[in-house]
Amino acid sequence: MQEDEFEPNIVGLLCHWCTYTAADLAGTTRTQYPTNIRPIQTMCSGMVDPVYVLWALLGGADGVMIGACHPADCHYVSGNYKCRRKTAVLKSILNTLGLEDDRVWLCWISAAEGQKFANTVAKMVDELKKKGPNPINAYWST
Amino acid sequence: MEKRIGVFVCHCGLNIAGTVDVEQVVEAVKDYPDVVYAGNYIYMCSDPGQELVRTTIREQNLNGVVMSNCSPLMHEKTFRRVATKAGLNPYLLEIANIREDVSWPHENEKELATKKAISIVKMAIEKLKRNVELTPMVVPLHKRALVVGGGIAGITAALEIASAGYEVIVVEKLPYVGGHAAQLAGTFPTLDRVPCLMAPMIAKMISHPKIKVYTNAEVDEVSGYVGNFIVKIKTSPSYIDEGKCNNCGLCLEKCPVTCPSEFDCGLAERKAIYITPPETMSQKVLIDPGNCLHLNGDECRACEEICPTKAIDFLQQGITVEKTVGAIIVATGYGLWDKKNIPEYESDPDVIDGLQFERILSPSGPTGGDIRRPSDGKVPKQIVFISCCGSRDPEHGFTYCSRVCCMYIAKQAVLYSRTVPGGQAYVFYMDIRSDSKGYEEFVKSAMEEERVLYLRGRVSKLFRDGDKIKVWGSDTLSGKSVEISADLVIMATAMTPREGAIALARKLNVTVDAIGFLTEAHPKLQPVETLTTGIYLAGTVQWPRDIPDSIASTGGAVSKVLSMFSRKELLHEPTIAWPDEEVCSGCGICASVCTYNAIEIDPIKRVAKVNEAVCESCGACIASCPSGAMRHKNWNARQFMDMIDIATGAYV
């Protein structure tokens, strides 16, 4: 497979109150970004079970984006902090499991930041293209 | 039960169909497992579009619907209504957002956009398969309000709610109502005498049949939730049998203990047994347990011995009452920053704060309306105001502006100039913030008509020099240093959160900011709400405000309460957490992460119990449960995994 043919696929777990709405805003303002992300709405980043992230990576996702409200802006007061800690703990074990921690991005994107959402997806696609496919895919297929 | 899912793909004119190949989307899902119908239409949200959905649900006997159109923020409610009309539970409908998430941001990627749209529709189908029928919960509503704080905001709130016909309970920590406003000499910019404003309000509140006022009382405990708060109100004893006391005042003469009067900000003295101030419209005798000799172990019973009606009761106990209320307004007001926090300004009886000067200016104050300085009772001929003491001064105090000082300084300077012929008032200021109706004109008139001398600059040092207080300052406009020999100095100290505000906020489960002011749910869109539904903020408990702003914010809070009370009952979103009791070990992690205190551990069953009316559906407990016992209605883990499966399979 040639490098430029690789299109990473990204699972987006996006908080309803901020990043999901930012994605809406990116759409409404016709801000263009790569199609690689599959958005899944969550009520809060605090409800993102690390298992979902593992599930996505084991399922072959090249990247997982968790979209959360900025610190101090969580609709549910502290869900984003809970998510931040869960993500930190998860990342600390991912490499040991043979998964790569830099495929998991926790992003603070407020409902007003449609442009930031688009930029983040574009940047993530770029970085993941440089990184190449999730090695788990090769593992499953051998 | 057999799943019969219908998929409706909207063109949205060309908004979707211009980018996404809608026919291909229909084609891709029409044979998908459990899908029995897939169709497209130019505008699903139009009347014929809604009709198509409605009739198809009936004809195809659908028990699940995926609407592939715009964002759920746009039309989820519309289509849930359509589903309900067709006899389908509205929670068996999911939205696949293929406009904001697909066609609009990928206008030049038609093929990839179509592919993305198909997987988004399939994800919605997978989620829908495990949705269950839900009905919004009906929560009973007690149409009685609690107002915490009996200052001008609290009194306004109580009167407004009561005049709409609902019962109100007012809890005031002090033995009298009126708050800071009752201590003021006058208001800016109209110079109204405050008793003329406050007295009728207080009198109306005290005598209102729908309002019950608890003074000398505190909110001890709050449990429950919107519509159903259970509040314990603890009243401290007054040690006086109110039925017997006839306010003769003999006990006050006999009491051997004098202590500073709180209402007069320490400028006058009162006895350990005292009568509440006349400005507060409540002439009640009570004993201050902190200063009474008898209550602190001494044998003194002077008041009891002299009392002709035997009204003194040293054994009186405080009482705690429990009330159920539907809504709570927090109006506990502000505190004042201690002027001792600026070491460069020497502590001196003639260096006072703004509230103390209000008392000196007040006709009913300690000097009876004459302007006399505290140290020797002389009429001050030169007075100096220092603005921003602690406000906009991160070195000593706070970064924020207290918002009222510029205006009350102008008011006090005007009242002073009119009362003391030949007296000169100086004001040291940083900027003059006079940004409300009539304020700028008022400050101008203080400068031009009342001869108040404004000096733009800071005061570096204050110290006693014989009979005078030397004020060393600078005038940055002339570039010169200034020395004034003042008779009286007034420091405009910062408005701060009231002592005890944080403890009260904890009881109410309301958040506070870094300084200790209570925070609103949203700074722009929900300025009087808190994050706990049913609890609202009024006045300076939230941020420094003047009287009109406090009254306006109180009006906002009151309208929220009244709009809630105008309903018959409350509805609550049913997509909430629930514990699988077979799996739950009762470890309590879920309860510790719940921001809303919606979870408790049943002491007998040893399992988590979710208070359905309080759960806000954030899902933190679900993600934190180590055994997977905590579940989320229509947001469960299996649904996420199924959606992720579709998402990751997209490029395989």
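Author: Two residues count as in contact if their C-beta atoms, placed from the backbone, lie within 7 Å. By that rule, 37 residues of chain A are in contact with 40 residues of chain B. The model is predicted.

Reader: Which elements of chain A give two or more residues to the side that touches chain B?

Author: They are α1 (19-28), β2 (37-42), α2 (50-58) and α3 (79-94) of chain A. The largest share, six residues, comes from α1(A).

Reader: How do the residues of that side of chain A divide into nonpolar, polar and charged?

Author: There are 18 nonpolar, 12 polar and seven charged residues.

Reader: What is the secondary structure of chain A?

Author: Chain A has five helices and four strands. From the N terminus, its elements run β-α-β-α-β-α-β-α-α.

Reader: What makes the radius of gyration of chain A agree with a compact globule?

Author: Set the value against the rule. For 142 residues, a compact globule would have a radius near 14 Å, and chain A has 15 Å, which agrees. The C-alpha trace of chain A spans about 45 × 35 × 20 Å along its principal axes.

Reader: How many helices and strands are there in chain B?

Author: Chain B has 17 helices and 32 strands.

Reader: Why is chain B called more spread out than a compact globule?

Author: The globule rule gives 26 Å for 652 residues. Chain B has a radius of gyration of 33 Å, well over that value, so chain B is more spread out than a compact globule. Its C-alpha atoms fill a box of roughly 95 × 65 × 45 Å along the principal axes.

Reader: At what angle do helix α2 and helix α3 of chain B pack?

Author: Helix α2 (residues 47-59) and helix α3 (residues 72-85) of chain B pack at about 40°, with axes 9 Å apart. That makes α2(B) oblique to α3(B). Angles under 35 degrees count as roughly parallel, and 65 to 115 as roughly perpendicular; about 40° falls in neither range. The crossing of α2(B) and α3(B) is right-handed.

Reader: Which residues make the contact of α2(B) and α3(B)?

Author: From α2(B) come Q50(B), V53(B), R54(B) and I57(B). From α3(B) come F79(B), V82(B), A83(B) and K85(B). By class, that contact has five nonpolar, one polar and two charged residues. Arg and Lys count as charged, so R54(B) and K85(B) are the charged pair here.

Reader: Why are α6(B) and α7(B) called oblique to each other?

Author: Helix α6 (residues 152-163) and helix α7 (residues 194-207) of chain B pack at about 50°, with axes 10 Å apart. That angle is not under 35 degrees, nor in the range 65 to 115, so α6(B) and α7(B) are oblique. Their crossing is left-handed. I152(B), I155(B), A158(B) and L159(B) of α6(B) meet M198(B), M201(B), I202(B), K204(B) and M205(B) of α7(B). Eight of these residues are nonpolar, none is polar and one is charged.

Reader: Why are α10(B) and α11(B) called roughly parallel to each other?

Author: The angle between helix α10 (residues 354-361) and helix α11 (residues 405-419) of chain B is about 30°, and their axes are 11 Å apart. Angles under 35 degrees count as roughly parallel, so α10(B) and α11(B) qualify. Their crossing is left-handed. G354(B), F357(B) and L361(B) in α10(B) meet C405(B), Y408(B), Q412(B) and L415(B) in α11(B). Five of these are nonpolar, two are polar and none is charged.

Reader: What is the order of the five strands in the open sheet of chain B with parallel pairing?

Author: The order is β8-β7-β6-β16-β27.

Reader: What makes β8 and β27 of chain B edge strands?

Author: β8 (211-214) and β27 (535-537) each pair on one side only. The twist of the sheet averages 20° from one strand to the next.

Reader: How many bridges are there between β16 and β27(B)?

Author: Strand β16 (residues 327-330) of chain B and β27(B) pair over three bridges. Pairing takes at least two bridges, so three bridges meet the rule. In β27(B), Y536(B) is the bridge partner of I329(B).

Reader: Which strands form the open sheet of three strands in chain B?

Author: They are β22-β23-β24, in that order, with antiparallel pairing. The edges are β22 (459-465) and β24 (480-486) of chain B: each has a single partner strand, so one side of each has no neighbour in the sheet. The twist averages 20° between successive strands.

Reader: What makes β22(B) and β23 of chain B a pair?

Author: Strand β23 covers residues 468-475, and six bridges join it to β22(B) in the antiparallel sense. The rule asks for at least two bridges, so β22(B) and β23(B) pair. R464(B) stands opposite I469(B) in β23(B).

Technical notes
Residues are numbered from 1 along each chain as its sequence is written. Chains are lettered from A and ligands numbered from 1 in the order in which they are written. This is a predicted model: local features need pLDDT of at least 70, side-chain atom pairs count only at pLDDT 80 or more; totals for chains, interfaces and linings use all residues. Axes are lines fitted to C-alpha atoms, for helices over the stretch in contact, and angles run from 0 to 180 degrees between N-to-C directions. Angles under 35 degrees count as roughly parallel, over 145 as roughly antiparallel, 65 to 115 as roughly perpendicular and the rest as oblique. A crossing is left-handed if the near helix is turned anticlockwise from the far one by less than a right angle, and right-handed if clockwise. The radius of gyration is taken over C-alpha atoms; the globule rule is 2.2 Å times the number of residues to the power 0.38.
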